[in-house]
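Open the model in your viewer and keep the selection tool at hand. We will go from stop to stop, choosing what to select next and looking at what is there.

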Amino acid sequence: MDSRSALNDGNKWHSTHKIYGTLSELHTARAASERRMESLPVPSVQAMVAATGGAHVPPRYLRPEVAADAVASDGEAAIPIIDFERLLLHHPEEEEACRGESARLHAACQEWGFFQLINHGVPDDVIEGMKANIEAFFGLPAETKQQFAQERGQLEGYGQLFVVSEDQKLDWADILYLNTQPPEHRNMRFWPDKPDTLRSALDAYSAAVKTVADRLLGLMSISLGLPPEGIASKCGGGGIQSVRMNYYPPCAEAGKVLGFSPHSDADLLTLVLQVNQVQGLQVKRQDGSWVPVRPLEGAFVVNVGDILQIFTNGRYRSVEHRAVINAERARLSVAAFHSPSIHATIGPLLTDQEPMYKTVDHQSFMRLFFSAKLEGKSFLQRMKLNLDTASATTTN
Ligand SMILES: O=C(O)CCC(=O)C(=O)O
């Protein structure tokens, strides 16, 4: 997930037609692009649960297919754990430890697309400040939260994302979605001033997390055989960040709903903070089963996004994930999405193999992403080149 206030500048068609493969792709892309980037308004799930006690689940939230999914049991499989401090070791006698950790990071991005990052250096008070403020925000009365509700034609604010039709199934969650970095991309209209420390807590948190993401991208560049600034140099100067704060209320029929539909993230790199240690995030394995993430206290869950998969021409994997619901306890998480500037071009930057993906401008990429409902990795599929016709139809 990712949005840019810079994208919300009306419904202009940008001159990207050269980079789409076929006429029908061009028409599909144009139709998506001309749609407004917005999500249809839906009721607050938290308010619904408060009113009904959560015993009744309206049909729009029921997902009977979830019951048949295979979920790995405790101890069966786990996403790798990466130690950030070890990645940064630089004394000669520490070289081996550093090299070993870098190899583990590279393997995690290729095999899992996910890892937990420990010893990341973001101060405890910054993390605790973020957690306390977001818990306090979702604890406010419904009418107070509504003061920061999304408005038609844009994505930021309190509400939901990816709701594009009246009959689509809905996620059992409420969110607060904001552009956070650089500061000039912020729309303070949607930044809650209640609790009164939320703005400063999010400001400190978003800056600290962006620093970690940028350093990880530098280390990944080296692992990929690029100069340290290899990925950053394709980001159009600094890159951008948005933050999605998720509140998943408990549900008496937890096994029949989903907090977050299966999806992959559109960005380069996502860093997720598990706010209250209630388990819920699950990662899809190649055999189709789901592996629950058991959050480590103080760690970030990091995942590769679609843009990094495209940049690395498929070497790093953007993996499908979802959030399930707890029957008794609310769950909260804070996901920070890191993307290139909106003026960047999205396409493979590793050139030692034939390109597997189209090259498009970031603005068109995001419009396509936000104008459809979440459906696993179907969005990334649409970015794939048909290699048989690639040379005739693209400018890669
Ligand atoms: O709630 C979570 O742990 C995951 C959230 C997520 O996937 C997202 O916000 O993109």
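Start by selecting Pro 195, which sits in the loop between E4 and H7; helices (H or I, at least four residues) and strands (E, at least two) are DSSP runs, numbered from the N terminus. The peptide bond that joins Lys 194 and Pro 195 is cis, with omega about -5 degrees. Now step back to Pro 182, found in the loop between strand E4 (174–181) and H7. The bond from Gln 181 to Pro 182 is cis too, and omega is near -5 degrees.

A word on what you have open: this is a predicted model, in which local features need pLDDT of at least 70, side-chain atom pairs count only at pLDDT 80 or more, and totals for chains, interfaces and linings use all residues. Residues are numbered from 1 along each chain as its sequence is written.

Next, select helix H7, residues 198–223. How far apart are its end C-alpha atoms? They are 37 Å apart, which agrees with the 38 Å that 26 residues should span at 1.5 Å a residue; the expected span is 1.5 Å times one less than the number of residues. Just after H7, click on Gly 225, whose phi is positive, near 85 degrees.

Now bring up the sheet of 8 strands, which is open, with mixed pairing and the order E1-E2-E10-E7-E12-E5-E4-E3. Two strands pair if DSSP finds at least two bridges between them. At the edges, pairing on one side only, are strand E1 (81–83) and strand E3 (157–159). From one strand to the next, the twist averages 25 degrees; axes are lines fitted to C-alpha atoms, for helices over the stretch in contact, and angles run from 0 to 180 degrees between N-to-C directions.

Zoom in on E3 and E4, which run antiparallel and are joined by 3 bridges. Gly 157 has Tyr 177 in E4 as its bridge partner. Then add helix H4 (residues 95–111), which packs on the sheet and touches E1, strand E2 (114–118) and strand E10 (300–304). Contact here is between residues whose C-beta atoms, placed from the backbone, lie within 7 Å. The direction of H4 makes about 145 degrees with that of E1. H7 packs on the sheet as well, touching E4, E5, E7, E10 and E12, and its direction makes about 135 degrees with that of E7.

On to the other sheet: 4 strands in the order E6-E11-E8-E9, open and antiparallel. Which strands stand at the edges? They are E6 (260–263) and E9 (290–292), each with a single partner strand, so one side of each is left without a neighbour in the sheet. Strand E8 (residues 281–284) runs antiparallel to E9, with 3 bridges between them. Select Gln 282 and you will find Pro 292 in E9 opposite. In the loop between strand E7 (269–274) and E8, pick out Gln 277, a residue other than glycine with a positive phi, near 65 degrees.

Now show the ligand and the 11 residues around it, of which Arg 244, Leu 281, Ala 323, Ser 333 and Ala 335 come nearest. A residue counts as near if its C-beta atom, placed from the backbone, lies within 6 Å. Strands E5 (240–248), E11 (321–323) and E12 (331–339) each supply at least two residues of this shell.

Last, colour the chain by pLDDT, the predictor's confidence in each residue, from 0 to 100. The mean is 86, and 86% of the residues reach 70 or more. Residues 1–35 are below 50, with 72 contacts beyond near neighbours in sequence. Residues 388–396 are also below 50, with 16 such contacts. Where pLDDT is low, the predicted coordinates should not be read in detail.

Technical notes: Two residues are in contact if their C-beta atoms, placed from the backbone, lie within 7 Å.
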